Amino acid sequence: MSAGFFLAIAGNIGVGKTELTNRLSAELGWAAHYEPVIQNPYLDPFYKDMPRWSFHLQIYFLGERFRAQVEIGKSSLPFIQDRTIYEDAEIFAKTLWHQGSMTEVDYQNYVALFNCMVGFLRPPDLIVYLKASPDTLMARIGKRGRDSEKTIGIDYIQRLNTAYDDWMLRAAREGEVLEIDTDRVALLGETPTFRSLVERLKNRYPPQAEL
């Protein structure tokens, strides 16, 4: 049984990952795995007290994304994943540790567990990295109006952006990465960029390959 194409959508909070995942899934007929945000019992407490809940939050996400990626790795069908397990370690846990919101011992324990888990996972065939400026991200976060995100500050978003750019430079040396700056290139609606992405994916994994 050959593996289906594994597309990962990566990017900062509010950049539009879920919307793009929805649209590509509908357009291509591929299964989608979504970030377990709403179900996460630690999310609201985390934004109110990051040092208290950062480790709990990251462990929850780690387990949920590991389970999703194991399922993806077993499937012969094409999949789209809304945020990857790698972002937990490379972006969020690391940023929380750097800013003092996660202790050294918690961070090292987290990294050790992450390194054990990813050795069992199939990496994405392509990462689509969506990016935007902190001001744009803050506006989008405010527009969607999630109560848990009302305390997010622009400094935190900027630190995450810096971590994403650093990770993408290294990820591009290890696999295929397509970067889309959503400040400059529109993805909403039937835009040339969206249509080009759809056609690129169809060429990489044509519908008849699913049979």
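## Helix packing, sheet order and three loop residues

Helix α4 (residues 85-98) packs on helix α5 (residues 104-118) at an angle of about 170°, and the two axes lie 11 Å apart. That angle makes α4 roughly antiparallel to α5. The model is predicted.

On the α4 side, the contact uses I85, Y86, D88, A89, A93, K94 and W97. On the α5 side, E104, Y107, Y110, F114 and V118 meet them. By class, this contact has nine nonpolar, no polar and three charged residues.

Helix α4 has a second partner. Helix α3 (residues 50-74) packs against α4 at about 175°, with the axes 10 Å apart. This makes α3 roughly antiparallel to α4. From α3, the contact draws on M50, S54, Q58, F61, L62, R65, F66 and Q69. From α4, it takes I85, Y86, D88, F92, A93 and L96. Sorted by class, the α3 contact with α4 has nine nonpolar, three polar and two charged residues.

The two pairs are set out below.

| Helix pair | Angle | Axis distance |
|---|---|---|
| α4 and α5 | about 170° | 11 Å |
| α3 and α4 | about 175° | 10 Å |

### The sheet

In what order do the five strands of the open sheet stand? The order is β2-β3-β1-β4-β5, and the pairing is parallel. β2 and β5 stand at the edges, each with a single partner strand, so each has one side without a neighbour in the sheet. Neighbouring strands are turned by 20° against each other on average, direction ignored.

The pairings can be followed strand by strand. Strand β2 (residues 31-33) pairs with β3 over three bridges, in the parallel sense. A31 has F79 as its bridge partner in β3. Strand β1 (residues 6-11) runs parallel to β3 and is joined to it by four bridges. There, L7 has I80 as its bridge partner in β3. Farther along the sheet order, β4 and β5 run parallel and are joined by five bridges. L130 stands opposite I180 of β5.

Are the residues on the two faces of β3 buried or exposed? F79 and Q81 on one side are buried, and so are I80 and D82 on the other. Both faces of β3 are covered.

Helices lie across this sheet. Helix α1 (residues 17-28) lies across β1, β2, β3 and β4, and runs at about 155° to β1. Helix α3 lies across β1, β2 and β3, at about 170° to β3.

### R83, after β3

R83 sits in the loop between β3 (79-82) and α4. Most residues other than glycine have a negative phi. R83 is not a glycine, yet its phi is positive, about 70°. R83 counts as buried because its relative accessibility is 4%, under the 20% cut-off.

### D125, before β4

D125 belongs to the loop between α5 and β4 (126-131). Its relative accessibility of 27% makes D125 partly exposed.

What does the side chain of D125 reach at 2.8 Å? It reaches the backbone nitrogen of F6. A further polar contact, 2.6 Å long, joins the side chains of D125 and R122.

Leaving aside neighbours within four places in sequence, D125 is in contact with G4, F5, F6, E176 and R204. R204 is 79 residues away from D125 in sequence, but the C-alpha to C-alpha distance is 9.9 Å.

### T182, after β5

T182 is placed in the loop between β5 (177-181) and α8 (192-204). Its relative accessible area is 12%, so T182 is buried.

Which residues does T182 touch, not counting those up to four places away in sequence? They are V15, L130, K131, A132, R140 and L187. With K131 there is a polar contact: a polar atom of the T182 side chain lies 2.8 Å from the backbone oxygen of K131. L130, also touched by T182, is the residue that stands opposite I180 in β5.

Methods:
Residues numbered from 1 in each chain as written. Predicted model: local features only at pLDDT ≥ 70, side-chain atom pairs only at ≥ 80, totals over all residues. Heavy atoms only, no water. Buried < 20%, exposed > 50% of the residue type's maximum accessible area, 1.4 Å probe, protein only. Polar contact = N/O pair within 3.5 Å; in protein donor to acceptor, adjacent residues only side chain to side chain. Contact = heavy atoms within 4.5 Å. Axes fitted to C-alpha atoms, helices over the stretch in contact; angles between N-to-C directions. Parallel < 35°, antiparallel > 145°, perpendicular 65-115°, else oblique. Nonpolar A, V, L, I, M, F, W, Y, C, P; charged D, E, K, R; others polar. Pairing = 2+ DSSP bridges.
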